[in-house]
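Q: I would like to learn how to read a model of this kind, moving between single residues and the whole chain. Could we work through it together, one feature at a time?

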Amino acid sequence: MLGKLGKSLAKTMKKLAGMTIVDEEVVKEVIKDIQRALIQADVNIKLVFKLSKSIEERALNEEPPKGVTPKEHIIRIVYEEMVKLVGETPKPLKIDKKPYKILFIGLQGSGKTTTIGKLSRHLQKKGLNTAIVCTDTWRPAAFDQLKQLTQEINIPVYGEPENKNPLEIANKGLEKFKDYDVIIFDTAGRHKEEKHLLEEMEQLSTAIKPDETILVIDGTIGQQAKEQARAFSQSTPVGSIIVTKLDGSAKGGGALSAVAETGAPIKFIGTGEKLEDFEVFDPERFISRLLG
Ligand code: GDP
């Protein structure tokens with residue numbers, strides 16, 4: 001399990017190599033290396049310090065279990081503490097009622113619409129009858145974009161580009177697709193003022209009563225993720241997070257602030273513009289990427 005992490009901690013590993021007892025100085029050095037990597041990956045500085053503190057405390061106070069070398073012990077602690085930051089082991093979406101209603105929220109440009117296409121494909125492949133409702137009245141092109149994305153895979157999309165009332169569209173969509181297994185709701189990502197956008201999310205959430213609310217965070221935005229997550233989670237409780245655009249050089253460390261802010265785990269990541277560029281979140285891989 002720790003092989004990938006070991007590789008990304010290659011430099012640090014050298015320092016640990018010959019260690020026979022847990023040496024305070026070496027632990028401090030290892031932590032410095034980790035801090036450097038995480039700050040470069042855009043992880044929020046407070047989170048980095050919180051993490052460092054818990055790693056240091058555990059590394060210096062916990063006895064390595066029998067048969068475990070100090071080196072293995074420290075790597076395991078680093079891994080466990082980082083997993084706490086990103087959300088424990090992968091949590092798949094559990095579709096446990098019908099229709100299962102998923103509300104998507106996120107700023108314009110975050111990749112929300114594309115991600116809805118990807119998730120609908122993912123669920124369809126699992127044999128779930130999935131439909132999409134587009135309530136974005138601010139960007140009428142979103143409806144066409146959704147239809148275009150999903151036309152090859154035969155997923156129905158309901159929208160009314162002329163209608164300016166998102167609640168009305170949501171309610172009609174709910175009625176139309178009530179026999180489907182899953183209904184995904186796309187929402188606006190921008191308003192004249194952020195306050196109005198957030199109010200609209202709150203109203204939609206009250207009307208739809210989603211079984212899951214997913215916040216989409218652009219993996220390349222770095223430190224701004226914290227504020228975005230805070231704003232959205234104040235208007236609508238966030239159940240999970242999808243981080244997009246992890247196909248580029250960004251390491252997605254900013255998204256960790258969104259996890260810390262909302263307490264919601266990352267469930268999927270986006271790795272490209274196509275429908276298939278979508279993966280179930282793998283904490284170990286994500287952590288290795290952050291440290292590598
Ligand atoms: P929305 O405004 O949040 O609905 O965002 P869109 O779905 O329209 O996406 C904005 C842009 O980001 C589009 O050009 C998408 O093709 C692109 N995009 C979305 N997800 C990803 C991803 O995972 N990787 C890459 N490289 N581009 C993405």
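A: Let us begin with a single residue, keeping in mind that the model is a predicted one. Lys209 is exposed, because its relative accessible area is 57% and exposed means over 50%.

Q: Where does Lys209 lie, and what is its phi?

A: Lys209 belongs to the loop that links helix 9 (194–208) with strand 5 (212–218). Its backbone deserves attention, since most residues other than glycine have a negative phi. Lys209, although not a glycine, has a positive phi of about 50°.

Q: Which residue other than glycine also has a phi near 60°, and is that residue buried or exposed?

A: That residue is Asn154, whose phi is positive and near 60°. Asn154 sits in the loop between helix 7 (141–150) and strand 3 (157–159), and with a relative accessible area of 69% it is exposed.

Q: Which peptide bond is cis?

A: The general expectation is that most peptide bonds are trans. The bond from Lys98 to Pro99, however, is cis, with omega near -10°, and Pro99 lies in the loop between helix 5 and strand 1 (100–105).

Q: How should I read burial in a charged side chain; is Lys112, for instance, buried or exposed?

A: The class follows from relative accessibility, where buried means under 20%. Lys112 has 6% relative accessibility and therefore counts as buried. This lysine is found in helix 6 (residues 112–125), and, apart from neighbours within four places in sequence, its contacts include Phe104, Ile105, Gly106 and Leu107 on one stretch of sequence, Asp186, Thr187, Ala188 and Gly189 on another, and also Val216.

Q: What does Val157 touch, and how far apart in space are Val157 and Ile132?

A: Contacts are informative when the partners come from elsewhere in the sequence. Val157 lies in strand 3 and is buried, with a relative accessible area of 15%. If residues up to four places away are set aside, Val157 touches Ile132, Phe143, Leu146, Lys147, Thr150 and Phe177. Of these contacts, the one with Ile132 joins residues 25 apart in sequence, with their C-alpha atoms 4.7 Å apart in space.

Q: Where does Thr271 lie, and what does Thr271 touch?

A: Thr271 is in the loop between strand 7 (266–270) and strand 8 (278–280), and its relative accessible area of 21% makes this threonine partly exposed. Not counting residues up to four places away in sequence, Thr271 touches Lys118, Asp247, Asp277, Phe278 and Glu279. Lys147, by comparison, is 124 residues from Thr271 in sequence and 21 Å from it in space, C-alpha to C-alpha.

Q: How far are the C-alpha atoms of Gln234 and Glu276 separated?

A: Separation along the chain and separation in space are best read side by side. Gln234 and Glu276 are 42 residues apart along the chain, and their C-alpha atoms are separated by 32 Å. Gln234 itself lies in helix 10 (residues 224–235) and is exposed, with a relative accessible area of 64%.

Q: Which residues have the most contacts inside the largest nonpolar core?

A: A nonpolar core is assembled from buried nonpolar residues that are joined through side-chain atoms. The largest one has 65 residues, and Leu38 and Ile241 have the most contacts inside it. Helix 5 (residues 70–86) gives the most to this core, with 9 residues. A second, separate core has 25 residues, among them Ile102, Leu128, Val182 and Ile184.

Q: With which residues is Ile241 in contact?

A: Leaving aside neighbours within four places in sequence, Ile241 is in contact with Ile214, Leu215 and Ile217, with Ala258, Val259 and Thr262, and with Ala264, Pro265, Ile266, Lys267 and Phe268.

Q: How many helices and strands are there in the protein chain, and why is the chain described as compact?

A: The protein chain has 12 helices and 8 strands. Its radius of gyration is 21 Å, close to the 19 Å that the globule rule gives for 292 residues, so the chain is as compact as a globular protein of that length. Along its principal axes the C-alpha trace spans about 70 × 40 × 30 Å, and 54% of the 292 residues count as buried. Among contacts with a separation of 6 or more, 77% are between residues 24 or more positions apart.

Note on methods
Residues are numbered from 1 along each chain as its sequence is written. This is a predicted model: local features need pLDDT of at least 70, side-chain atom pairs count only at pLDDT 80 or more; totals for chains, interfaces and linings use all residues. Side-chain values use heavy atoms; hydrogens and water are left out. Helices (H or I, at least four residues) and strands (E, at least two) are DSSP runs, numbered from the N terminus. The radius of gyration is taken over C-alpha atoms; the globule rule is 2.2 Å times the number of residues to the power 0.38. Buried means under 20% relative accessible area, exposed over 50%, partly exposed in between (1.4 Å probe, protein chains only). Contact means heavy atoms within 4.5 Å. A nonpolar core is a set of buried Ala, Val, Leu, Ile, Met, Phe, Trp, Tyr and Cys residues joined through side-chain atoms within 4.5 Å.
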